[in-house]
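Q: Could you take a close look at one part of this model for me, and then show me what else stands out around the chain? I work with structures every day, so please feel free to be specific.

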Amino acid sequence: MTLQEFTNLIGRAGRPGVATEGASLVVLAEAEKDSSGTEKYNRQRFAYTQLIDEVAGVVKNKLIDNMDCAMSPLQNLLDALEKEWNLISSNEDFDAWLTRTSMLDEDAADSPDKKLVYLDSLDAIIIAALQEVEQIKLAELMPAEIEGELIRIWKFTYAAASSSYEERLRQRWLVRGRAINKLYPDGQLRKKIYQTSLVPRSAVVLLRIATQLRDFMQLGSNYAIRSPIEQLNFVIDLICALSAVPTFKVDEKMNAKVNWELVLQWWLAPNTLAKKLKPKPDKATDWFAFVSKNFIYRANWGLGGLISLLMENTSDGQPIRALEIDDWPRSGLPWIAFWLKELISWGTLDPVAAFLLARGNALDRQSAETDAKFYYAEQLDVTDPNDILDPRKIRSWVSRQSGAVASMDVKEKFSLKVKLTQPAINYAPQIITVFPMCNDNRVFWLEPAGHIVAESTATAEVINGLERFMCQLDVNNAEVNGTAYLRYRNL
């Protein structure tokens with residue numbers, strides 16, 4: 001266990017506003033002593049002592065540096081902002097700079113200046129805090145009310161509870177907070193910045209291209225009848241457009257040879273990718289880490305912010321009720337816009353497959369996409385492709401458990417002769433739970449630790465639907481017996 005993990009764990013014992021102190025109990029073996037009375041070496045007790053010494057060292061260093069042992073993200077942000085300010089030579093007072101600097105100025109828009117980056121983040125926090133107060137009160141705060149609300153909010157921050165120089169931090173918070181409405185005079189703009197959940201500089205860019213992105217998404221009304229490559233290109237083009245927003249900018253390359261479009265194709269449509277372009281087994285985790293950071297997190301954040309923004313700007317001026325699916329058509333967006341985040345999260349181009357995976361009606365992407373074909377087979381007479389992806393229609397189909405899916409010819413059991421990788425006498429258990437790994441014309445059967453214990457020929461009949469079975473190796477008879485998993489059903 002690392003120092004960070006240990007301190008994070010024991011920190012759960014006491015929380016500001018909940019308890020004034022706390023205790024964590026660490027269970028260790030009783031110390032043993034040798035004949036001379038010296039304590040015998042014990043690995044766990046030795047490791048624990050090292051951790052305690054590290055904690056004490058960190059605390060000592062912070063006290064020497066006149067720093068607090070407890071730090072809050074807001075405190076860190078305010079400290080970093082002031083530190084960057086002190087690095088520049090200027091006769092201007094820091095508070096005066098906080099009062100006059102607008103993140104909406106053209107000079108600040110694309111600047112990589114760290115103090116502007118930190119100030120951008122501080123503005124996002126203040127705007128969000130004040131907007132939520134206005135939503136509760138159902139009225140815009142008057143200038144005289146803003147300072148009172150800022151003081152009240154500050155008292156509930158961890159920075160107010162943990163810092164020894166709380167007064168100085170509070171002053172920075174109030175100086176910038178009092179100037180927010182002057183620096184962002186348009187109340188509607190402040191509201192939209194809050195709705196995007198972005199820092200102001202990124203939010204302004206998103207607001208500028210929102211109409212363009214709405215027009216592009218409307219072109220996806222025929223998504224359901226597009227080819228996989230056309231569907232993939234639609235998603236790629238949208239993510240590329242969203243990358244104009246600094247917060248959502250996708251890393252251009254994973255490495256010198258692999259660009260982000262290739263990684264996204266591997267994630268969403270691996271069957272369209274040539275084998276030589278796919279990652280080797282030892283690189284697959286690196287590819288998924290890139291997917292997780294850039295698409296599942298960053299792109300989905302962008303899509304969520306965009307959809308939230310567009311759902312507020314309806315033709316009748318009334319916002320969409322996010323939890324009411326019947327309200328979606330009023331947004332003017334095609335149904336594929338509803339599904340985009342699910343597609344990226346589940347790694348598929350098929351909305352029906354994403355729904356099956358989310359509901360637990362499919363074990364994996366391959367089986368979900370196979371089952372989804374039965375849904376599309378029922379939609380051949382639908383004239384509007386957009387209606388095919390109506391989630392209400394898909395939900396109804398799943399709840400009916402379509403006859404086509406229910407009548408699929410899936411065996412309940414199978415037995416398959418295999419070749420053991422070692423003499424049977426070398427196997428301690430006679431029945432071993434195994435998992436199939438198909439490679440070319442062979443199936444390798446792995447036990448839970450990942451060791452290959454048997455092999456068999458991989459014919460189409462053998463490998464079709466293996467993922468639907470719990471498999472066990474019968475060592476004495478040199479055969480694998482499979483029992484089909486019970487299919488999930490929503491009641």
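A: Happily! In this predicted model, seven strands make up an open sheet, and their order across it is 1-7-6-3-4-5-2, with antiparallel pairing. The two ends of that order are the edge strands, strand 1 (413–417) and strand 2 (419–420), each of which has a partner on one side only. In general terms, the strands of a sheet pair through backbone hydrogen bonds, in either the parallel or the antiparallel sense.

Let us stay at the edge formed by strand 2. Its partner is strand 5 (residues 452–457), and the two are joined in the antiparallel sense over two bridges. Here Lys419 stands opposite Glu455 of strand 5.

Elsewhere in the order, strands 7 and 6 are listed side by side. The loop between strand 6 (469–474) and strand 7 (479–484) contains Ala478, whose phi is positive, near 50 degrees, although Ala478 is not a glycine. Ser197 also has a positive phi, near 60 degrees, and is likewise a residue other than glycine. Ser197 belongs to the loop between helix 10 (187–196) and helix 11 (200–218), and its relative accessibility of 43% makes it partly exposed, because that class runs between 20% and 50%.

Now for the rings. A search of the whole structure turns up 21 aromatic pairs. One of them joins Phe6 and Tyr48 edge-to-face, with 6.4 Å from centre to centre and 80 degrees between the planes. Why does this pair link separate parts of the chain? Phe6 is in helix 1 (residues 3–10) and Tyr48 in helix 2 (residues 43–64), so the contact ties together parts 42 residues apart in sequence. The partners also sit in differing surroundings: Phe6 counts as buried because its relative accessibility is 7%, while Tyr48, at 26%, counts as partly exposed.

Phe94 and Trp97 give another geometry: their ring centres are 6.1 Å apart and their planes meet at 15 degrees, so this pair is stacked. The angle decides the label, because planes under 30 degrees apart count as stacked. Both residues lie in helix 4 (residues 94–100), three residues apart, or about one turn of the helix. Phe94 and Trp97 are both buried.

Trp266, Trp267, Trp287 and Phe288 together form one aromatic cluster. Trp267 has a charged neighbour as well, since the charged end of Arg365 sits over its ring, 4.7 Å from the ring centre.

Finally, a look at the enclosed space. The search of the whole structure finds two cavities of 30 Å³ or more, and the second largest has a volume of about 50 Å³. Which residues line the second largest cavity? They are Ile126, Ile127, Leu130, Gln131, Glu134, Ile180, Asn181 and Arg190. Helix 6 (114–137) and helix 9 (166–183) each contribute at least two residues to this lining, and helix 6 gives the largest share, five residues. By type, the lining of the second largest cavity divides into four nonpolar residues, two polar ones and two charged ones.

Methods: Residues numbered from 1 in each chain as written. Predicted model: local features only at pLDDT ≥ 70, side-chain atom pairs only at ≥ 80, totals over all residues. Heavy atoms only, no water. Helix = DSSP H or I, 4+ residues; strand = E, 2+ residues; numbered from the N terminus. Buried < 20%, exposed > 50% of the residue type's maximum accessible area, 1.4 Å probe, protein only. Pairing = 2+ DSSP bridges. Phe/Tyr/Trp six-rings, centres within 6.5 Å; stacked < 30°, edge-to-face > 60°. Lys NZ or Arg CZ within 6 Å of the ring centre and 35° of its normal. 1 Å grid on protein atoms, 1.4 Å probe; cavity = no way out; pocket = protein on both sides within 12 Å on 5 of 7 lines; lining within 4 Å. Points joined across faces, edges and corners; volume = space filled by probe spheres on them. Nonpolar A, V, L, I, M, F, W, Y, C, P; charged D, E, K, R; others polar.
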